[in-house]
Amino acid sequence: MKFPARKILGPGLLLALAGGLALAGSGWAGAAQPDAARVKALIHLVRQDCGSCHGMTLKGGLGKPLLPQNLAGRDTEALAEIILDGIPDTPMPPWRTELSRADALWIARKLKEGFPHETP
Amino acid sequence: MKRRDILRAGLAAPLAAALPGRASAMPMPMRGTGDLGIVIERATGSVLVIDTTQMDILGRIGGLGDLSHASAVFSRDERYAYVFGRDGGLTMLDLLEMKIARRIIQGGNSIGGAISDDGRLVAVSNYKPGGVKVFHAATLEQVADIPAKWAGGLSKTVGLADAPGRKFLFSLFEAGEIWMADFAHGNKPRVIKIGKAGKWPYDGLIAQGGRIYIAGLFGEDGMAKVDLWQEPLKVERILDGYGRGEKKLPVYKMPHLEGWTEAAGAFFFPAVGHHEVLVMDGRTWQLTGKIPVHGQPVFVMARPDGRHVWVNFAHPLNDTVQVIDTMSRKVIKTFTPGPAVLHMEFTPRGEQVWVSVRDKNQINIYDTHSLELLRTLEAKAPSGIFLTARAHKIGL
């Protein structure tokens with residue numbers, strides 16, 4: 001309810017971005033998945049740089065906790081949009097210049113599942 | 001002792017620390033601690049004990065929990081470090097025995113702390129449960145709990161700093177207020193809600209030798225200041241509207257105000273959401289300059305003599321460090337130490353600066369006069385660097 005603009009724009013944007021991909025059923029699963037090297041970079045980014053506000057363990061800091069129990073029931077795509085666009089009028093910044101849509105969806109999905117740890 | 005031996009002793013320390021009552025594998029030979037310090041290794045929950053005279057690592061102490069965003073203060077004898085972990089852990093380290101002396105989990109989620117001027121009280125600022133808790137420095141027994149109650153429940157507390165006369169000042173993030181806990185008359189504090197600071201104070205510091213507390217605001221342009229020499233205490237706004245009209249960039253890392261030393265009669269500090277270091281006159285509190293820099297500054301640290309300030313930057317421009325000359329107010333040097341430069345710490349008289357380069361697993365030591373790289377040391381994802389000389393500085 002907080003951001004009606006996103007609610008209205010969201011589905012439209014999604015459709016536009018998804019292009020010809022079928023959104024029904026498996027949803028975005030058909031979208032490009034980050035490759036192994038990208039996955040490593042994303043894990044690092046989330047643990048370290050999202051971690052500066054959300055905590056390295058994602059238990060929360062200045063930003064809200066991002067553990068599975070906190071995000072249960074939340075829509076993966078809506079979370080990905082938050083990551084890409086940020087939350088206006090809060091410290092949550094938009095990451096669109098650094099993260100692709102596929103990156104953001106991967107992060108959102110992994111946050112919901114329990115985010116992987118960095119392997120040295 | 002050969003360096004390798006010392007390192008091995010350090011590596012053994014976590015084991016020793018896990019066995020209460022046992023001395024660590026190899027205590028240090030008799031020595032002072034005035035040239036020691038610690039480096040936080042945030043990913044592994046360990047710290048390195050460093051020696052700035054030898055420019056070397058003396059050992060590693062593990063078992064400190066989640067050290068993301070960890071910071072430290074020191075006992076006045078400079079033997080013990082108090083490390084404030086993200087997971088609410090408060091760990092007292094013995095730098096001489098190179099082991100954990102005491103450790104408690106005091107909260108759920110914390111963000112920094114402070115030690116009283118008499119060295120007897122250690123205060124911790126908590127996000128969760130929002131408020132400040134205060135402990136005996138010697139035993140880590142709890143002395144006081146100060147929940148940051150406001151209309152919206154408990155507020156996260158930030159910018160906790162000690163002030164002269166057994167006082168602590170801090171700001172409430174959600175509530176936007178500045179409070180003081182005054183322990184002048186014993187261990188039962190007088191808690192004074194000084195006033196409204198503004199939207200989302202994100203950090204605070206003590207300046208001018210303990211006279212001034214300043215809170216930076218994330219939610220609006222401007223800062224809040226309390227003059228502790230004025231009765232009754234009140235919050236005054238300064239720098240209102242600085243940067244207004246210019247488009248703010250998204251902020252990927254909260255700037256820090258620590259290290260905001262007055263240099264050459266002015267304060268140099270990070271702009272929020274702009275690629276600028278701001279300069280403010282130390283008497284009139286007016287903005288007197290904006291210095292364009294490489295990215296959004298995180299730390300703006302004055303060399304102890306005030307001639308230079310060193311600046312690091314927020315993600316994604318955080319591979320760079322710049323040096324500003326406070327006379328000409330120009331960038332005189334740009335270094336690229338490597339990915340994720342997180343912190344910088346000057347030796348007490350400022351001839352060296354230690355710089356942590358997280359993603360290169362490295363610490364760089366520079367000569368601050370020739371601006372040359374003196375040495376690099378290996379560390380695991382190093383972040384904060386804290387030297388024992390902080391023990392004798394008000395507000396650190």
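How many residues of chain B are in contact with chain A? Here are some notes on that and a few other spots.

1. To answer the opening question, 24 residues of chain B are in contact with 22 residues of chain A, where contact means heavy atoms within 4.5 Å. Bear in mind that this is a predicted model, where local features need pLDDT of at least 70 and side-chain atom pairs count only at pLDDT 80 or more, while totals for chains, interfaces and linings use all residues. For bookkeeping, residues are numbered from 1 along each chain as its sequence is written, chains are lettered from A and ligands numbered from 1 in the order in which they are written, and side-chain values use heavy atoms, with hydrogens and water left out.

2. Now the interface area. About 1900 Å² is buried between chain B and chain A, with carbon and sulfur atoms giving 53% of that; buried area is the accessible area (1.4 Å probe) that two parts lose on being put together, summed over both. On the chain B side, the residues losing the most area to chain A are B:Arg42, B:Tyr252 and B:His315, which together make up 27% of what that side buries.

3. On polar links, the count between chain B and chain A is two salt bridges, a salt bridge being a side-chain nitrogen of Lys or Arg within 4 Å of a carboxyl oxygen of Asp or Glu. One of them pairs B:Arg358 with A:Asp49, with 3.8 Å between the closest N and O atoms. Eleven residue pairs across this interface are in polar contact, both partners at pLDDT 80 or more. That term stands for a pair of N or O atoms within 3.5 Å; within protein, one must be able to donate a hydrogen and the other to accept it, and residues adjacent in sequence count only if both atoms are side-chain atoms.

4. Inside chain A, have a look at helix α2 (residues 36–54) and helix α5 (residues 101–113): their axes come within 11 Å and cross at roughly 60°. Axes here are lines fitted to C-alpha atoms, for helices over the stretch in contact, and angles run from 0 to 180 degrees between N-to-C directions. Helices (H or I, at least four residues) and strands (E, at least two) are DSSP runs, numbered from the N terminus. From α2(A), A:Arg38, A:Val39, A:Leu42, A:Ile43 and A:Val46 meet A:Asp103, A:Trp106 and A:Ile107 of α5(A).

5. Two of those residues, A:Asp103 and A:Arg38, form a salt bridge, the closest N and O atoms being 2.6 Å apart. A:Asp103 sits in helix α5 of chain A and A:Arg38 in helix α2 of chain A, so the pair ties together parts that are 65 residues apart in sequence. Over all chains, the salt-bridge count comes to 24.

6. Some backbone spots in chain B to check by eye. The peptide bond from B:Glu231 to B:Pro232 is cis, with omega near -10°, and B:Pro232 is in the loop between β20 (223–227) and β21 (235–238). Another cis peptide bond joins B:His315 and B:Pro316, with omega about 0°; B:Pro316 lies in the loop between β27 (308–313) and β28 (321–325). B:Arg329 is not a glycine, yet has a positive phi of about 55°, and is found in the loop between β28 and β29 (330–335).
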